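Student: Could you take me through how the descriptive terms for this model are assigned? I'd like each label set against its definition.

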Amino acid sequence: MARRHEISEREIMEMSSTIQSRVVMEVVAQLQGMLGQLNSTTLEIAVTGESGSGKSSFVNAFRGVADDGAGAAPTDVTECTRAAEGYRHPSMPTVRLWDLPGIGTPTFQPQRYLQDVALVEYDFFIIVASERFRECHVQLAHCVEQAGKKFYFVRNKVDNDIEASAKRRGRCGLRRIGAADPRVFLLSCFEPQRFDFPRLQETLERELEGHKRHVLLLALPNLTAAVLEKKRQALAGGLWRTAMASCLKVATAGGAVQEIVPALMDTLRTYQRAFGLDTDSLHRLANLTGKSYQELYGEIRSTSGRELSVHSVESMLSQVALGQQVLAGMLERRVPVLGTIASGGVSFIASYYLLRSALGELSQDAERVMHRALETGDRQEDVPDPGYFYYD
């Protein structure tokens with residue numbers, strides 16, 4: 001089995017089968033088309049619920065933004081949302097969470113409501129409740145399901161209500177009010193690392209497909225080591241395309257191997273944002289958790305995770321390029337387009353190894369930052385059975 005930073009036989013076969021042309025410009029266009037399709041994929045997430053249920057706080061927590069932070073959805077006690085309002089993810093702008101108007105008014109009509117908020121525009125729905133689920137939540141879920149969309153029940157503010165929930169009498173579950181097989185996720189938007197927020201992340205990621213799954217993964221808050229590893233795997237899946245597109249594009253412009261550095265720096269910054277290690281993300285995390293920026297930044301130990309410079313990237317590129325002539329020759333034979341440009345194999349291998357190594361280092365940096373920010377432990381929460389909640 002290949003080590004983490006080696007080029008696997010599967011990847012080599014994928015390269016040789018995907019890239020048939022020897023014409024560099026054709027290959028560059030093909031690779032840029034693949035990468036462009038991935039980078040332009042949108043994900044629209046609808047968040048709805050009654051006024052005061054905490055749906056705006058959910059929109060903020062999912063994006064890693066404090067309720068009083070820049071770009072946060074307003075979280076006043078009174079209903080702030082009178083029309084659907086979209087909030088882009090700060091690091092993944094193609095991912096947008098929509099704070100929808102509140103439900104549950106005496107004149108609430110689920111079908112009319114979904115028509116008014118443009119049901120078809122969303123990929124899935126998060127239906128938020130606090131204290132209890134009501135019949136209006138189930139009515140809305142039925143209409144969403146009939147339209148072929150997925151939905152997920154989220155029970156918010158559970159940290160304020162564990163003991164009270166255990167003492168309530170006459171409990172009526174979602175099943176009793178018409179939800180055949182409800183999936184309920186218990187969480188607190190103020191402490192997303194506790195309760196079911198990680199399980200919700202895992203469920204959403206598992207039930208999306210293709211490019212939408214990819215962009216969701218990169219937008220998820222870093223709450224578990226499993227999420228960080230999935231991000232690393234998702235980014236590694238397109239790594240050879242990124243490395244090859246960069247080195248071939250430089251070659252077509254008549255540039256030297258060193259001129260690939262700006263493209264690699266752009267890719268490394270993208271990786272930093274995906275792992276929440278860029279300056280803006282660290283400041284948001286510090287504001288969200290009460291930790292200092294310096295405390296979080298101190299957990300970043302890799303060169304690729306800190307402030308990038310042309311010199312630092314050139315140094316890394318030179319180191320990984322040493323001693324790769326044999327592998328370069330093999331790749332040039334199996335992926336002929338690499339052999340049509342000067343130092344094509346070495347340029348690709350150096351770029352590939354640099355990015356592959358950076359992914360591993362950045363994921364480790366991100367895990368250290370996560371633990372420092374959240375002070376995670378092995379505590380298990382005693383949460384109420386999600387099947388039992390009141391409605392009026």
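Student: How many nonpolar, polar and charged residues are in the lining of the largest pocket?

Tutor: In this predicted model, that lining has 12 nonpolar, 11 polar and 4 charged residues. Nonpolar covers Ala, Val, Leu, Ile, Met, Phe, Trp, Tyr, Cys and Pro, charged covers Asp, Glu, Lys and Arg, and the others, Gly among them, are polar. Local features need pLDDT of at least 70 and side-chain atom pairs count only at pLDDT 80 or more, while totals for chains, interfaces and linings use all residues. Numbering runs from 1 along each chain as its sequence is written, and side-chain values use heavy atoms, with hydrogens and water left out.

Student: What makes a residue part of the lining, and which ones lie nearest the centre of the largest pocket?

Tutor: A pocket is an open set of points on a 1 Å grid over the protein atoms alone, with room for a 1.4 Å probe and protein on both sides within 12 Å along at least five of seven lines; a lining residue has an atom within 4 Å of a point. The largest pocket has 27 such residues, and L35, N39, T242, T267 and T270 lie nearest its centre. Two or more residues each come from α2 (24–39), α8 (210–219), α9 (225–237), α10 (239–252) and α11 (261–274). The largest share, 8 residues, belongs to α11. The volume of this pocket, about 730 Å³, is the space filled by probe spheres set on the points.

Student: What does the second largest pocket look like by class?

Tutor: Its lining has 22 nonpolar, 10 polar and 8 charged residues. There are 40 lining residues, with G64, P221, N222, L285 and L288 nearest the centre, and the volume is about 630 Å³. At least two residues each are supplied by α3 (55–62), α8, α11, α12 (279–289) and α16 (344–374).

Student: Why is α8 called oblique to α9?

Tutor: α8 and α9 pack at about 135°, with axes 9 Å apart. Oblique is what remains once angles under 35 degrees (roughly parallel), over 145 (roughly antiparallel) and 65 to 115 (roughly perpendicular) are set aside, so α8 is oblique to α9. H214, L217 and L218 of α8 meet K230, K231, A234 and L235 of α9, where contact means heavy atoms within 4.5 Å. By class, 4 of these residues are nonpolar, 1 is polar and 2 are charged.

Student: And how do you know which label fits α3 with α7?

Tutor: The axes of α3 and α7 (197–207) come within 13 Å and cross at roughly 70°. That angle makes α3 roughly perpendicular to α7. F58, A61 and F62 of α3 meet F197, L200 and L204 of α7, a contact with 6 nonpolar, no polar and no charged residues.

Student: Where is G71, and what does it contact?

Tutor: G71 is in the loop between α3 and β2 (85–88). Beyond its neighbours within four places in sequence, G71 contacts R63 and Y87.

Definitions and conventions:
Helices (H or I, at least four residues) and strands (E, at least two) are DSSP runs, numbered from the N terminus. Axes are lines fitted to C-alpha atoms, for helices over the stretch in contact, and angles run from 0 to 180 degrees between N-to-C directions.
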